[in-house]
Amino acid sequence: MDKKTLEFVTFCISRLSLLLKLPQQEVYKRLKDSGILFDYIVPSYDVLHTFSSRYLMEDLTDYMKEKGVLAP
């Protein structure tokens, strides 16, 4: 993972943590365990980093709900 992608992943985890009112470690664990982190966020960096922060958070929380790691 290159530096830009790592910074983006860190940004996503931090923003989700604030939005969901969960510790960053918990957000990371949920994203990693569900496959969202390495099967979606990292490989889709080129597209995802162009989204607005608000849209990105909506996209990620919707996907977390689909994967069952966040209550609907």
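Accessible areas here come from the Shrake-Rupley method with a 1.4 Å probe, and for residues only the protein chains shown count as cover. With the whole chain displayed as a surface, you are looking at about 4,700 Å² of accessible surface, 54% of it from carbon and sulfur atoms.

A few notes before you click. This is a predicted model, in which local features need pLDDT of at least 70 and side-chain atom pairs count only at pLDDT 80 or more, while totals for chains, interfaces and linings use all residues. Residues are numbered from 1 along each chain as its sequence is written, and side-chain values use heavy atoms, leaving out hydrogens and water.

**Stop 1: the cartoon.** Switch to ribbons and you will find 5 helices and 0 strands (DSSP runs, numbered from the N terminus: helices are H or I with at least four residues, strands E with at least two). Of the 72 residues, 35% count as buried (under 20% relative accessible area with a 1.4 Å probe, protein chains only).

**Stop 2: helix α5.** Select residues 53-66: this helix has 14 residues and reaches 20 Å from its first C-alpha to its last.

**Stop 3: its hidden side chains.** Which residues of α5 are buried? Pick out Leu56, Met57, Asp59, Leu60, Thr61 and Met64. An α-helix has 3.6 residues a turn, so residues three or four places apart point the same way.

**Stop 4: the cover.** Now add α1 (3-20), α2 (24-34), α3 (36-41) and α4 (45-48), which are among what covers those buried residues.

**Last stop: Gly68.** Just after α5, click on Gly68, which takes a positive phi of about 80°.

Conventions. Buried means under 20% relative accessible area, exposed over 50%, partly exposed in between (1.4 Å probe, protein chains only). The expected span of a helix is 1.5 Å times one less than its number of residues. Contact means heavy atoms within 4.5 Å.
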